Amino acid sequence: ASNPNKAALANSGKGRLSPRASFAAWEEITHCESSRWSAGDLDKAAILRDQLIYWQQVREDVRLLAHYDSLTELPNRGLLDELLKRSLKEADAQNELVGVLFIDVDRFKRFNARLGHAAGDRVLRHVAARISRAVRESDIVSRLGGDEFVVIMPALSDRIAAEGIAQRLIEEILRPIPGLE
């Protein structure tokens, strides 16, 4: 019996598998039915697999660059907007409150100018990590840019819960950063 995928390969031009034949090849290979494929066909299927993996990684890298701050790895301003809208919509549906905290690192520009950008970046990473540790698991920490951070606190029962989280944040952020005291 002739292999219809071989015909698709031969007719697709330049020795490439057509999308339908590529999927069939992938299915056969992953289900251990590849004995019907020649070594050349298996090589092409392996190349296709490698290309798919590569492009999936590229897509993930682009998504990270588009939605996350490269220094702190926190959601950026664009993703923050989406997450805030979603949190507000969910809170409205559940009849809950959403708290939003804006955090600005005092005198950061002066510190950055005096000790350099490398030290400033280190401070921002420490602050981001401390904010992330001080909030609840359901809270969202984001970096707006510069020395500005935002915390979205969804599913709050009352204002007192937000005040407790804010107090923990203040205490955590005010602790000295090792090596910068």
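## A buried aspartate and its surroundings

With a relative accessibility of 15%, aspartate 69 falls in the buried class. Keep in mind from the start that this is a predicted model. Aspartate 69 sits in the loop that runs between helix H3 (39-67) and helix H4 (77-94).

So what does aspartate 69 form a salt bridge with? The partner is arginine 143, and the closest N and O atoms of the two are 3.0 Å apart. That pair ties together distant parts of the chain, 74 residues apart: aspartate 69 is in the H3-H4 loop, while arginine 143 belongs to strand S2. Both members of the pair, aspartate 69 and arginine 143, are buried. If you skip the neighbours within four places in sequence, aspartate 69 is in contact with Leu74, Pro75, Asn76 and Arg143.

**The overall layout**

Let's step back to the whole chain. The protein is built from 7 helices and 3 strands. Reading from the N terminus, the order of elements is α-α-α-α-β-α-α-β-β-α. There are 181 residues in the protein, and 33% of them are buried. Taking the contacts with a separation of 6 or more, 57% come from residues 24 or more positions apart.

**Strands S2 and S3**

Arginine 143 brings us to strand S2. S2 covers residues 140-145 and is mostly covered, with 5 of its 6 residues buried. Its partner is strand S3 (residues 148-156): the two run antiparallel and are joined by 5 bridges. One bridge partner to look up is glutamate 148 in S3, which pairs with glycine 145. Together S2 and S3 make a hairpin that leaves 2 residues between the strands. In that turn, glycine 146 has a positive phi of about 55 degrees. As general background, side chains in a regular strand alternate between the two faces of the sheet.

**Leucine 101 in strand S1**

Now for strand S1 (residues 97-104), where leucine 101 is found. Which residues is leucine 101 in contact with, leaving aside its neighbours within four places in sequence? They are Phe149, Val150, Val151, Met153, Ala166 and Leu169. For one of these, alanine 166, the C-alpha atom is separated from that of leucine 101 by 7.7 Å, although the two residues are 65 apart along the chain.

**Salt bridges**

In total, the count comes to 6 salt bridges. Three of them are set out here.

| Acidic residue | Basic residue | N to O separation |
|---|---|---|
| Aspartate 69 | Arginine 143 | 3.0 Å |
| Aspartate 139 | Arginine 136 | 2.6 Å |
| Glutamate 172 | Arginine 175 | 2.8 Å |

The partners in the second row don't share a burial class. Aspartate 139 is buried, because its relative accessible area is 8%. Arginine 136 has 25% relative accessible area, so it counts as partly exposed.

The third row reads in a similar way. Glutamate 172 counts as buried because its relative accessibility is 18%, while arginine 175 is partly exposed at 40% relative accessible area. This pair also belongs to something wider: salt bridges with shared partners join Arg133, Glu172 and Arg175 into one network.

**Arginine 130, buried without a salt bridge**

Arginine 130 is part of helix H6, which spans residues 117-134. Arginine 130 is buried, yet it has no salt bridge. How far away is the nearest side chain of opposite charge? That side chain is glutamate 172, and it lies 4.5 Å away. Since a salt bridge needs the nitrogen and the carboxyl oxygen within 4 Å, the pair doesn't count as one.

Arginine 130 does have a polar neighbour, though: the backbone oxygen of proline 176 lies 2.9 Å from a polar atom of its side chain. Apart from residues within four places in sequence, arginine 130 is in contact with Glu172, Ile173, Arg175, Pro176, Ile177 and Pro178. Two of those names, Glu172 and Arg175, also turn up in the salt-bridge network with Arg133.

**One aromatic pair**

Last up are the aromatic rings, where the structure holds 1 pair. Tyrosine 54 and tryptophan 55 form it, with 4.9 Å centre to centre and 80 degrees between the planes. The arrangement is edge-to-face, because planes over 60 degrees apart are put in that class. Is tyrosine 54 buried or partly exposed? At 46% relative accessibility, tyrosine 54 counts as partly exposed.

Terms used
Residues are numbered from 1 along each chain as its sequence is written. This is a predicted model: local features need pLDDT of at least 70, side-chain atom pairs count only at pLDDT 80 or more; totals for chains, interfaces and linings use all residues. Side-chain values use heavy atoms; hydrogens and water are left out. Rings of Phe, Tyr and Trp (its six-membered ring) pair if their centres lie within 6.5 Å; planes under 30 degrees apart count as stacked, over 60 as edge-to-face and the rest as tilted. Buried means under 20% relative accessible area, exposed over 50%, partly exposed in between (1.4 Å probe, protein chains only). Helices (H or I, at least four residues) and strands (E, at least two) are DSSP runs, numbered from the N terminus. Lys and Arg count as positive and Asp and Glu as negative; His and the chain ends are not counted. A polar contact is a pair of N or O atoms within 3.5 Å; within protein, one must be able to donate a hydrogen and the other to accept it, and residues adjacent in sequence count only if both atoms are side-chain atoms. Contact means heavy atoms within 4.5 Å. Two strands pair if DSSP finds at least two bridges between them.
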